[in-house]
Amino acid sequence: MSTLRTAPHLRDCFLAALGYVATTWVCIGLLRHALVDAPTVLRAAIALLPVVPIVLATRAVVRLVRAGDELQRRIDLEALVIAGVVVGLACLTASLLEAADVIELSARQALIWIFPAQWIAYVLARAWTRRRYA
Amino acid sequence: MNNRVRELRAGRGWSQAELADRLSVSRQTVNAIETGKYDPSLPLAFALARLFDLAIEAIFTPDP
């Protein structure tokens, strides 16, 4: 198995991530300016558009993992566990500090960042885990 | 776990990439096995044994 088998899926992940950033930027702009007085159904549809590239990214990651060999799957598993624990601990820490009024945290801002943070942590953890087996 | 994969591969004049292709794994996996950073699964160990026409225990030996 060469990297050629996984390369198209890595490219798809990258494109989907770019799509997420672009759709989020466009949708927020539309909702804050052009569609302020639009019907709720239209606003909801526009607000949910960034979910599409995230679903595509998830599909690309699943394909990437399935195209990998046993070592690559182990690396992905370790990376997912690390990412889950890191993001979970970060959320717990932030919510405890928020509960103690040490920091001010908007639930809206926090929620929208959890999923991207999970992916960023996964990518970083994957790079770190890969180095351990290099 | 110790192994003779590097020695056996070199004996046949194969690169890591060539061996990886024959085993349908990545070159990183071959390298990790050779450097002892990763112990292969039983199916992959059998595939290596079949490829080198040896018994598994002639390739892999437990740490002393």
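## Helix packing and contacts in chains A and B

In this predicted model, helix α4(A) meets helix α5(A) through Ile75(A), Asp76(A), Glu78(A), Ala79(A), Leu80(A), Ile82(A), Ala83(A), Val86(A), Val87(A), Cys91(A) and Ala94(A) on the α4(A) side, and through Ala110(A), Ile114(A), Ala117(A), Gln118(A), Ala121(A), Tyr122(A), Ala125(A), Arg126(A), Thr129(A) and Arg130(A) on the α5(A) side. Sorted by class, the residues of this contact comprise 15 nonpolar, 2 polar and 4 charged.

Two packed helices are described by the angle between their axes and the distance between the axes. For α4(A) and α5(A), which spans residues 107–132 of chain A, the axes come within 8 Å and cross at roughly 140°. Angles over 145 degrees would count as roughly antiparallel and those from 65 to 115 as roughly perpendicular, and α4(A) and α5(A) are therefore oblique to each other. The crossing in which α4(A) passes α5(A) is right-handed.

A second helix pair is found in chain B, where the axes of α2(B), residues 16–23, and α3(B), residues 27–34, come within 8 Å and cross at roughly 110°. Because of this angle, α2(B) and α3(B) are roughly perpendicular to each other. Gln16(B), Ala17(B), Leu19(B) and Ala20(B) of α2(B) make this contact with Arg27(B), Thr29(B), Val30(B) and Asn31(B) of α3(B). The contact of α2(B) with α3(B) has, by class, 4 nonpolar, 3 polar and 1 charged residues.

The two pairs are set out below.

| Helix pair | Axes come within | Crossing angle |
|---|---|---|
| α4(A) and α5(A) | 8 Å | roughly 140° |
| α2(B) and α3(B) | 8 Å | roughly 110° |

At the level of domains, chain A is divided into domain 1, covering 1–68, and domain 2, covering 69–134, and the C-alpha centres of these two domains of chain A lie 19 Å apart. Their contact takes 4 residues from domain 1 of chain A and 5 residues from domain 2 of chain A; on the domain 1 side, the residues divide into 3 nonpolar, 1 polar and no charged.

Between the chains, the contact takes 9 residues from chain A and 12 residues from chain B. Helix α4 of chain A, residues 70–99, gives the most to the side of chain A that touches chain B, with 3 residues, and that side as a whole has 4 nonpolar, 3 polar and 2 charged residues.

As to confidence, chain A has a mean pLDDT of 86, with 96% of its residues reaching 70 or more. Within chain A, confidence is highest in α4(A), at a mean of 93, and lowest in helix α1 (residues 3–34), at 81.

Note on methods
Residues numbered from 1 in each chain as written. Chains lettered and ligands numbered in written order. Predicted model: local features only at pLDDT ≥ 70, side-chain atom pairs only at ≥ 80, totals over all residues. Contact = placed C-beta atoms within 7 Å. Helix = DSSP H or I, 4+ residues; strand = E, 2+ residues; numbered from the N terminus. Nonpolar A, V, L, I, M, F, W, Y, C, P; charged D, E, K, R; others polar. pLDDT = per-residue confidence, 0-100. Axes fitted to C-alpha atoms, helices over the stretch in contact; angles between N-to-C directions. Parallel < 35°, antiparallel > 145°, perpendicular 65-115°, else oblique. Left-handed = near helix turned anticlockwise from the far one by under 90°. Domains from an automatic or database assignment.
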